[in-house]
Amino acid sequence: MNRLPDFVTRLGVRWPAAVAVAMRLFVIDSRAATDDFYVRGLPAAQAGDFHTAAAVFENELKRQPSAGIFVDLGITEWQRGHAGAAILAWERAVWIDPYDILAKQNLKFARTVAQVDEPELRWFETASTWLSPNAWVWIAGASLWLAVGALVLPRVFRWRRSGWQQTLAALGFCVFIFSITANVGVVSRTDIGFIVKKNAPLRLTPTSGSELISTLSAGEPVRRMKTRGNYYFIRSSMTAGWIEREQVGLINE
């Protein structure tokens, strides 16, 4: 497994991967010095015990998801030789924070090494990546209230009708409509997943004894179409079929 290139920390200094984990732990969250998960995870990462560090980061993420910790988890998984799990972790970091530079740089490098593509997005899904899912929800609510307020409040308070009120209402409704489209893209992207294990078997039917169609590479993007029992029917850029759920990590799972 190729090592990741030097990372640029938020302090502007280049560090090897293991040290980058340690540095990020101090700058991600002000609670780092007192949080037991960080206290146990940091020494493990510094010592190169990436198995222990990954377990610590996963437990912390169950308690409170964070883009920074997903980046750290991706680094530890990459060092363990788990390209699929690393790509999934960095994709989840970008899901939370679309402007996380470290996650994007790591994804670009990892995909080049693993020879896998980015997920194919529809136009409204692409628009939804411009901001975080929570941001789109807030924008939809705020723009709707802005538009309604610009139309209703002048009548309630008997203000003189003016052009800026109508312009403000029109602007609010335009932003609201676009944010609804982006929210649809967010929901649609929850079906995007990534193969987490090497040579994941893709089968013709959702049974373990079914005919093997092909195998998928770790980190390869797929889209879940439907679920049956312990299997997903997924579609990749080249093929489609049934795969065990444990072989795929959904981006917002």
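Helices H5 and H6 cross in a left-handed way, and that crossing opens these exercises. The model is predicted, with local features needing pLDDT of at least 70, side-chain atom pairs counting only at pLDDT 80 or more, and totals for chains, interfaces and linings using all residues. Residues are numbered from 1 along each chain as its sequence is written, and side-chain values use heavy atoms, with hydrogens and water left out.

**Exercise 1. Describe how H5 packs against H6.**

Step 1. Locate the helices: H5 covers residues 83–96, and H6 covers 101–114. Helices (H or I, at least four residues) and strands (E, at least two) are DSSP runs, numbered from the N terminus.

Step 2. Choose the descriptors. Two packed helices are described by the angle between their axes and the distance between the axes. Here the axes are lines fitted to C-alpha atoms, for helices over the stretch in contact, and angles run from 0 to 180 degrees between N-to-C directions.

Step 3. Read the values: H5 and H6 pack at about 150°, and their axes are 9 Å apart.

Step 4. Classify the angle. Under 35 degrees counts as roughly parallel, over 145 as roughly antiparallel, 65 to 115 as roughly perpendicular and the rest as oblique. H5 and H6 are therefore roughly antiparallel.

Step 5. Add the handedness, which is left-handed for H5 and H6. A crossing gets this label if the near helix is turned anticlockwise from the far one by less than a right angle, and is right-handed if clockwise.

**Exercise 2. Repeat the analysis for H8 and H9, and state which residue classes make up their contact.**

Step 1. H8 spans residues 133–156 and H9 spans 163–189; the angle is about 155°, with the axes 8 Å apart.

Step 2. H8 and H9 are therefore roughly antiparallel to each other, and their crossing is left-handed.

Step 3. The contact of H8 with H9 is made by 20 nonpolar residues, 5 polar and no charged. Ala, Val, Leu, Ile, Met, Phe, Trp, Tyr, Cys and Pro count as nonpolar, Asp, Glu, Lys and Arg as charged, and the others, Gly among them, as polar.

**Exercise 3. Find the largest nonpolar core and say which elements build it.**

Step 1. Start from a tendency: in soluble globular proteins, nonpolar side chains tend to be buried together.

Step 2. Apply the criterion: a nonpolar core is a set of buried Ala, Val, Leu, Ile, Met, Phe, Trp, Tyr and Cys residues joined through side-chain atoms within 4.5 Å. Buried means under 20% relative accessible area, exposed over 50%, and partly exposed in between (1.4 Å probe, protein chains only).

Step 3. The largest core has 33 residues, and Val 71, Leu 73 and Trp 90 have the most contacts inside it. Elements giving two or more residues are H2 (36–46), H3 (50–63), H4 (67–79), H5, H6, H9 and S3.

Step 4. Which element gives the most to this core? H5 does, with 9 residues.

**Exercise 4. Examine three of the salt bridges and their solvent exposure.**

Step 1. Count them: the structure holds 7 salt bridges, each a side-chain nitrogen of Lys or Arg within 4 Å of a carboxyl oxygen of Asp or Glu.

Step 2. Glu 253 and Arg 92 meet at 4.0 Å, N to O. Glu 253 follows strand S9 (248–250) and Arg 92 sits in H5, so this pair ties together parts 161 residues apart in sequence. Glu 253 is exposed at 57%, whereas Arg 92 is buried at 15%.

Step 3. Glu 125 pairs with Arg 122 at 3.2 Å, N to O. Glu 125 is buried at 0%; Arg 122 is partly exposed at 38%.

Step 4. Arg 224 bridges to Asp 191, with the closest N and O atoms 2.7 Å apart. Arg 224 belongs to strand S6 (residues 221–228) and Asp 191 to the loop between H9 and S3 (192–195), so the pair links parts 33 residues apart in sequence. Both are partly exposed: Arg 224 at 22% and Asp 191 at 25%.

Step 5. Look for shared partners: Arg 122, Glu 125 and Arg 223 are joined into one network.

**Exercise 5. Place Gln 115 and Asn 199, two non-glycine residues with positive phi.**

Step 1. Recall the background: most residues other than glycine have a negative phi.

Step 2. Gln 115 has a phi of about 60°. Gln 115 lies in the loop between H6 and H7 (123–128) and is exposed at 71%.

Step 3. Asn 199 has a phi of about 50°. Asn 199 is found in the loop between S3 and S4 (200–203) and is exposed at 55%.
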